[in-house]
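Reader: I am new to this structure and would like a close look at a single part of it. Could you take one helix and the loop that follows, and walk me through them with care?

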Amino acid sequence: MNSRSGPLAVVAAAVLWGTAGTVGTLATAGSVSLAAARLVLGGALLGALALAAHRRTPGRNVPLRWSLIFGAAAVAAYQLCYFAAVGRTGVAVGTVVAIGSGPVFTGLLSWIVGHERPSGRWALATAAAVAGCAVLVTGGRGTGGVDAGGVALALLGGLLYAFYAVVAARAIGRGMESGIVMGIMFGGAAVLMLPVLALTGPGWLASPGGLLTALYLGCATTGLAYLLYGRGLRTTPVATAATLALAEPAVAALLGVVALREHLSLVSWAGLVLLALGLVVVALPARTRTDIAAPGTPRAPARSPH
């Protein structure tokens with residue numbers, strides 16, 4: 001995969017994530033049970049694919065890194081923090097804080113761990129994208145009644161997302177196959193979320209509609225999406241990938257308008273445009289000294305910071 005296709009893979013993953021909300025309305029399950037089923041099915045698929053890939057290369061040992069185990073715990077904990085935050089402070093505020101803080105925490109963590117300072121362009125574009133996301137989700141309305149505990153849980157969710165994204169990027173940057181990295185992390189998370197699925201009542205999976213919905217959410221919005229995200233991390237800095245993932249709420253909003261006949265205010269449309277502009281700026285390849293000195297000279301593909 002070349003350096004230009006990496007951002008496209010990340011955006012494709014975000015597009016799949018953005019369909020989850022609309023498809024989820026087809027199920028009669030509660031949001032926590034639905035998220036648990038999605039992670040259990042998707043994690044099982046990613047784990048099975050990773051095991052199959054490992055068996056195709058039996059002579060190659062895959063080192064079991066404790067960071068990936070902690071990453072699996074972070075994947076599962078993110079789900080719980082997000083829904084706990086939404087339950088306390090509402091969908092709009094919980095979503096904006098959790099999703100919006102993710103790129104900021106990712107940039108900081110990648111700077112601390114990889115000693116690579118994010119560029120000024122990334123900072124400005126990310127600020128614009130996060131602001132656009134906030135305006136899009138809230139519609140410019142005030143956020144009265146915000147629960148401080150809910151905001152704290154949403155911030156913890158953003159930090160957990162940043163942690164497992166950086167862990168995955170570092171493992172891939174050190175030479176591990178992206179599919180195996182995602183299989184270990186999400187397969188482990190699936191095991192951790194099994195009790196949550198059992199306790200929240202999985203009976204809705206017995207209906208054809210519920211099962212089909214869960215299969216789509218698990219296979220497409222988790223399995224396929226994180227395969228694409230992992231492939232994108234091969235050549236895309238993790239801070240950039242986290243910002244590009246903000247395409248998710250934009251896709252969700254547009255699907256709500258088209259499929260669910262929802263209405264977006266003019267302020268929300270302005271937020272959507274601002275978010276899109278931020279993503280375009282982030283996705284543009286940076287000009288290096290090599291580009292300026294010798295435009296025709298081929299470059300080595302960029303690696304994830306590690």
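Author: In this predicted model, a good place to begin is L284, which sits in the loop between α12 (266-283) and α13 (289-293). With a relative accessibility of 45%, L284 counts as partly exposed, because that class lies between buried, under 20%, and exposed, over 50%. Although L284 and R4 are 280 residues apart along the chain, their C-alpha atoms are separated by 8.8 Å.

Turning back to the helix before this loop, α12 has 18 residues and reaches 26 Å from its first C-alpha to its last, which is close to the 26 Å expected at 1.5 Å a residue. The residues of α12 that are buried are S268, G271, L272, L275, G278, L279 and V282. Seen down the helix axis, these buried residues of α12 fall within an arc of 125 degrees, and therefore they line one face of the helix. An α-helix has 3.6 residues a turn, so residues three or four places apart point the same way. The buried residues of α12 pack against α6 (120-138), α10 (238-244) and α11 (247-259), whereas on the other side of α12 the residues L266, V273 and L277 are exposed.

Notes: Residues numbered from 1 in each chain as written. Predicted model: local features only at pLDDT ≥ 70, side-chain atom pairs only at ≥ 80, totals over all residues. Heavy atoms only, no water. Helix = DSSP H or I, 4+ residues; strand = E, 2+ residues; numbered from the N terminus. Buried < 20%, exposed > 50% of the residue type's maximum accessible area, 1.4 Å probe, protein only. Expected span 1.5 Å × (residues − 1). Arc of directions from axis to C-beta. Contact = heavy atoms within 4.5 Å.
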